Amino acid sequence: MNAMNQNSDDHRSLGTEPRGLRRLSNGYFVSTEEAPALSRREFLEAAGFSLSLAAMSGCGRAPVESALPFPIQPVGAIPGRLQYYASTCAGCPAACGLLIGTRDGRPLKMEGLPEHPLSQGGLCAVGQALPIGLYDSQRLIGLLRAGKKAEWAQVDEEILQGLRQIKDQEQQVVIVTSTITSPTIQASIDSFLDQFQNAKHVVLDAVSSSAILDAHEQTHAVRVLPHYRFDRAEVVVSFGADFLGTWISPVEFTADWSARRVPREQSPEMSYHVQLESRMSLTGSNADRRIAIHPSNQGPLVARLADKLAAAAGRQLDEPLAPRIAESDENLVSELAERLWNARGKSLVLCDSQEVGVQTQINFINDLLGNYEHTLDIERPSLQRQGNDREVQQLVEDIRAKQVGALIVAEVDLLYDLAGHESLSAEVGEIPLTISFSHRVDEFAAIAKFVCPDHHTLESWSDAEPISGLISLIQPTIRPLSNTRAIVESLAVWSGQPQAAYEVVKDHWEKKIFPRRRSTGSSQFLDFWEQALRDGFVEVSSEAPTIGRFETSVLEPVAQERMSENFSLVLYNKVSMLDSRHSHNPWLQELPDPVTKVTWDNYVSISPRDAAELGIQDGDVVKVSAGKNGSRIELPALIQPGQHDGVLAVALAYGCKGTDRFAKIGPQWIEARPSVSENGLVGVNAAVFVSFHGGTQRYTRAGFSLAKTSRHRELAATQEYNSLELPPEVAPHGAERRKIVQHTTLAAFTKDAEAGAVEEHFSTETQLWPEDHPKPDHTWGMVIDLNKCTGCSACVIACQSENNIPVVGYDEVRRQREMHWIRIDRYYDGEDEDLNVAHQPMMCQHCGNAPCETVCPVLATVHSSEGLNEQVYNRCVGTRYCANNCPYKVRRFNWFKYPYDDTLQNLVLNPEVTVRSRGVMEKCSMCFQRIEAGKIEARSQGLPIVDGAIQTACQQSCPASAIVFGDMNDPQSEIHLALENPRRYRVLEELNVRPAVSYLRVVRNRDEESQHG
Amino acid sequence: MQQRVLLIVLLIGVGFGLSLLVSAMSLWHMPDNQQGYAPEQPINYSHRLHAGELQIDCKFCHSAAQSGHYAGIPSTEVCMKCHRYVTAPYDQMQQELQLADKEGRKPETIVSPELKKLYDSLALDENLQPIENGTPQSIPWVRVHNLPDFACFNHQAHVAAGVTCQTCHGPVESMERVSQFAPLSMGWCVNCHRESTRDGVNGREVHAATDCTVCHH
C-alpha cells in the first residue's frame, strides 16, 4: 500500500499538469483532448500490475511468537501431551469416578474412570461439561461484601466478629447445603458448628428423595437410602423413578441396567423393565413396557401390588392397603405381581414418590420379595441423597420466626429452590449474618451479606463417599484461576484454625479414613494416600447401621383420591439440568433433551389429547396456575406423546438468576433472536410450585389450571427436521416406512436371532465406484448397541468437549443450524399404550461409498486409506453439496464465525482439533486425533495397536458401554465380534453407501411376537 | 504525447515497485513460508557450540521430542545441569583460576553476560544462590519453527520412525543462531512422506500416510 501512495506522489511530482490532461482531486488524470487517450481499463491494468508488485514485496513474516518454557519443569509434564488424573465428579452427589485429561497444565477433557466400581467408566453429560464451568469468565473472581468487592482478611474479621456476637446472644447458626458426600467437608461443617450452642446443618436437595429415607426410618429403624443394585435385578418395576436419566445415580444405574440388556443367540435372556409414569421420562422411553398412569393412581397401584404380594407371601395384613381400583389396573397389577414373585430376590421395585406412605409400601414390597440384601443394599447404603425435608421445613419456620442468627449456604441456591415460599427472601434479608459460598450471584448470594466463592471442583482438594465404604478423592488439576477459597478453608478460618484444604483433607484421611482400611492394604498412611490418589478411590470398611426388623405396623392404607377435573403438575429435572447450579453452562443449555429434543428452554409438556381439546399447539405460550390465587407461570407448551391426560410436566432448574448472560450467545446478526425468553432469563423457574406436604417437598401436585395465551414462542428443538422418517401420509406411493431403527421382541429373537431384519430386496453387487481402495492397515468402524443405548446424551457433550464444537444459541438451533457432530435421534412409534420410543445416536457413518465425496467440487471431503471419511477444512469452499447429498444428514455447516472473543473460555478448546471458521463444512471425524495418538503411541513402542486402546470420545464416556469402536481388519477385536452379532444392521443399507457404522437391533423383552412397536 | 507521459509515469511506478521487490527479494516467500527465518533470541545461544563442538545430543535438551507433540524448549533447569558449573567461557574461567592461584585467593565466580540472563530467569544471584523472594521467570525465546494451527506435526511419531532431526531442521549443529532450514510447506511434507514410504527411512520400511487428516484434524 505504501508503494501505491508513493506511486501517486510520483504523479504529483511532475509539478504542473501535463498538457492535455486535467488532474482530478484524487490524483488521477483525465484527458481534456479528443486525441486517443489511455483507456481507463489500460490504466487500471498497469496500475494493478505495479500494485501487485508492491503487495508481493510487502509479504513479510508471520507475527513473532514467543515460546515460553517452564523455568523449572514439573515432574512428568511433557509439553502438548495429555495427562490423566483420577478424581471424582462433583457435578451432582452421585460422585462418579473421573479421569481429568489435562494438557499443558489445564484440564480439558473429562472422562469416566474405568476402574470405578459405581460409574464403571461412564460419565454423564453434566460431568463432561465441567471444564466450561471452570473457564467461565463470569464466575465470581473474588469475594463480595454487600455486593461490593472485598478482601479476605477484612471479611474474615467481620464474619468472626459477627459469629462471636451470635455466640454470645446464643442465636441459631445454620448451614444449608445440598447433599454433601464429602466426609471431609461434612467433618469441617460439624467441627465448625460445634463452636456454637445452637447450631445445625440442614440438607436441602433441589430434587429431594427425602421420603425414601423417611420410609426406611419407619420400616427399618434407620434413615438411609438403599444402594440399588440394578446389576442383580432381573425384573425392574419403577413407579416414576427416572433412574436412567436423573434419579440418584443415573450413570451407575445405566451401566448396571444396560449390562442386563444383552440378549445372546445362545442365551436369549435379558432383564424385564416396567415403567409406570405420568410423563415421558428417559427411563420410560427405554422400558420394555411403559404404562402411562395418572399421578393420583400411583399410590393405589403400589398399594394393590403390595396387597397381592403380601397374599402371595402369606403375610396377610389386617386390612388391605389399597382401595378399589379399576379392573384394567387389577389385571396389570396381577401381571406385575406374578413377574415379581417369580423373580424374588432378583427384582427391584422403585418409586419417585415423595409420599412417605407410598415409600413404606415400596419397602414392604421389596421386603416381601426378599430384595433387601440382594438388589437393595442398606448395610452399605447410598449417601447420594441426604436431603431432610422436615428439617428444611423447620428452617423455613425458624427463618420466619426470626430465630436464625447466621445462615451459611453452600452448593445450593436456597432462595431459588424454595421459591414457593413467598417473601422468604425478605425474611432472609433480615438475618444478621448471611454467607454464600456460591460461584456466582444467585438468588441467595444476591442478598447475602458476604459471598465467599468456593473453588471450582477442578481447582480444589476434596473427597466423596457416595456409597458407605467407597471413598474417592477430588484433586485439583489447575491452580485457582481467581481469588476464591475452598469451603473447608473458609470454615477452618472461621473456626479459628486456618488450614489449607490439602492439609484438611489429608488430616481427615489420616485420622478417620486410614483406620477404616481393609487389612490387605498398606500399613503406612502415605502409601495408602498415594494409592488412593493414583486410583482415585479406596474401598474401606463401612459402619453397618443397625437395621431393625421390618416394621409392618407403619403401613397405612391408601385412600382413594378423587380424580379432579384440574390438571396435575409434575416437576422434574432435565437430564442436562440436574440443578440450578448448571444453568450457567452453555453446553448443557444447548444439549437437546433426550426425549423432547428441545434446547435452551423449559416448557409445559401436555398430552396430545389435552392439547387437541384446548387447541394448543407446540410453542403456544400457556399459563399454568396453582388454583385461583396461587402462583402462576407462563411457558411455551410442548405436546408430548406418551404423557398421561390431565398431566402437565415442567422442568425445574430454569429461569435462574444470571442466565440473562446468554441473551447474546451465538452469532449476532441482523435477524438474530436472543436465547432468553421474555423474562430475560433462560426459561422460567417452576420451583414456585414446589410445596411442603406431610414433611416432604412435593414435586407432584394436583389442582392446576391451564389457559392458552395469545403469544407464541417457537421452541428450539433439534428433532423434527432431523427426523429420518417420512410420515406415512407424505411418503410416496409404495414407499414403506424405512426401518431406520430396527427392533424385535425377545420372543421373536429367541426363535430367530435375526428377527426384525428388513428383508433384503436390494443388491449390493452393483457399484458405481471401482473397488480400488484397499485398506490394508486398518479399517476403522463402529458398532452401536441400540438395546444398551438409553439416549442419555453423555456422548453429545463428550464430543462437544473433544472436538471444539461451538455453542450457537437458541436462534441458530431454531434455524436448524446446531453444530453437534453426534445427535441422538428419538423415534416414536405407535400411540397411547402402544407407544414405543427408540433412541439412535447418529453421526457421520463414514460410508465406504460416500455420497458426499462424489459431489464435492474441491475434494474437501475424501476417503482415507483407513476407511474414514475425511473433512478437509482448508479445502472446503462451502458449497454444501455434501450436506445435501448425505442420506444421514450429519454434516454441519459453519454459517458464522462463532465467537471466540472470550479468551478465558477459549482455554476449554482442545488444541488437537482445528477451530473451524465460517463457511466450512464439518462433521464427525471418528476422533481422528485420538486414532492418530493411539497409532503413534503403539508405533513408538514398536507394538501393534491393542484393541480397545483407541477410544473415541463418545465411546469412552458412554455409561451404557453401547459404543464399540475398533479396527474391523483385526479378527480378534471386539468390533469384529460385534459385526457378527445377528442383531447387527446398517442404517439405509439399501443405498449401498456401505457405512462403517453399524447398529445392533433393539430387542424388547416382550412375549408377543408382533412387530409393531 | 499524453500517452508517452503516462507511460513514463507508469514506468516510474513499475520501476519503483520492482526496486522495492528486489530489495526484499532475499526475504521474499509465499505468504507464511518462513524459510530462512532466524530471529534474534533473548540469549545469544549457540547451537554450533553445544550440538556441534560439544556434541550434546539434540534429545538431551529437547527430550519431549521422543514422547510428545512438541520437541519443546528445555526448561531453564535443564541448562543448569551444566551451567551450574560452567558460568563463563572456558578460557575466561581458566584465566581466573590461574590468577587466583597466583594471588593465593579463592577463585571468584565469573558470570558471562549471556549466562547471567539464564541465572536471572531462575532468580539466582551472582553466586548462583536463590534470590530471596525471587520468582523464576520463563525465558521468552522466539519461536522459529511455527506451523499454522490447522496443521499438526507430531515429533514423537517422526522420532520413532527414525527421521533424524536434521531432516527437517537442517544442520543445526553448525548454526550459530538457529534459522528455519526447510520451507515446512505442505508440499515439502507430502514429498517426504511419499519418498519415505517408497524408499524407507534410514533403511527401515515405514508407512508415512498421506491422508489429509494425518496432519489436519
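**Notebook: strand pairing and one helix pair in chain A**

I began with the hairpin that β26(A) and β27(A) form, which has five residues between the two strands, and in its turn I noted that A:Gly627 has a positive phi of about 65°. I keep in mind throughout that this is a predicted model.

I then looked up how the two arms are joined, and found five bridges between strand β26 (residues 620-626) of chain A and β27(A), which run antiparallel. To fix the register I looked for the bridge partner of A:Val624 in β27(A), and that partner is A:Ile633.

Next I asked myself which way β25(A) and β27(A) run. Strand β25 (residues 604-606) of chain A and strand β27 (residues 632-639) of chain A run parallel, and three bridges join them. Here I took down A:Ser605, which stands opposite A:Leu638 in β27(A). My entry for β27(A) therefore lists a parallel pairing with β25(A) and an antiparallel one with β26(A), and I add as background that strands of a sheet pair through backbone hydrogen bonds, either parallel or antiparallel.

I turned to the open sheet of four strands in chain A, whose order I read as β14-β13-β12-β15, with parallel pairing. At its edges I found β14 (289-292) and β15 (347-351) of chain A, each of which has a single partner strand, so that one side of each is left without a neighbour in the sheet. Direction ignored, neighbouring strands of this sheet are turned by 10° against each other on average.

Within this sheet I followed strand β12 (residues 235-239) of chain A to strand β13 (residues 272-277) of chain A, a parallel pair joined by five bridges, and I recorded A:Tyr272 in β13(A) as the bridge partner of A:Val235. I also noted that helix α11 (residues 327-342) of chain A packs on the sheet, where it touches β12, β13, β14 and β15 of chain A, and that the helix direction makes about 140° with that of β12(A).

My last entry concerns helix α7 (residues 210-220) and helix α12 (residues 356-368) of chain A, whose axes come within 8 Å and cross at roughly 60°. The two helices are therefore oblique to each other, and α7(A) passes α12(A) in a right-handed crossing. On the α7(A) side I listed contact residues including A:Ala211, A:Ile212, A:Asp214 and A:His216, and on the α12(A) side A:Val356, A:Gln359, A:Thr360 and A:Asn363. Sorted by class, the contact of α7(A) with α12(A) has four nonpolar, six polar and one charged residues.

Notes:
Residues are numbered from 1 along each chain as its sequence is written. Chains are lettered from A and ligands numbered from 1 in the order in which they are written. This is a predicted model: local features need pLDDT of at least 70, side-chain atom pairs count only at pLDDT 80 or more; totals for chains, interfaces and linings use all residues. Axes are lines fitted to C-alpha atoms, for helices over the stretch in contact, and angles run from 0 to 180 degrees between N-to-C directions. Angles under 35 degrees count as roughly parallel, over 145 as roughly antiparallel, 65 to 115 as roughly perpendicular and the rest as oblique. A crossing is left-handed if the near helix is turned anticlockwise from the far one by less than a right angle, and right-handed if clockwise. Two residues are in contact if their C-beta atoms, placed from the backbone, lie within 7 Å. Ala, Val, Leu, Ile, Met, Phe, Trp, Tyr, Cys and Pro count as nonpolar, Asp, Glu, Lys and Arg as charged, and the others, Gly among them, as polar. Two strands pair if DSSP finds at least two bridges between them.
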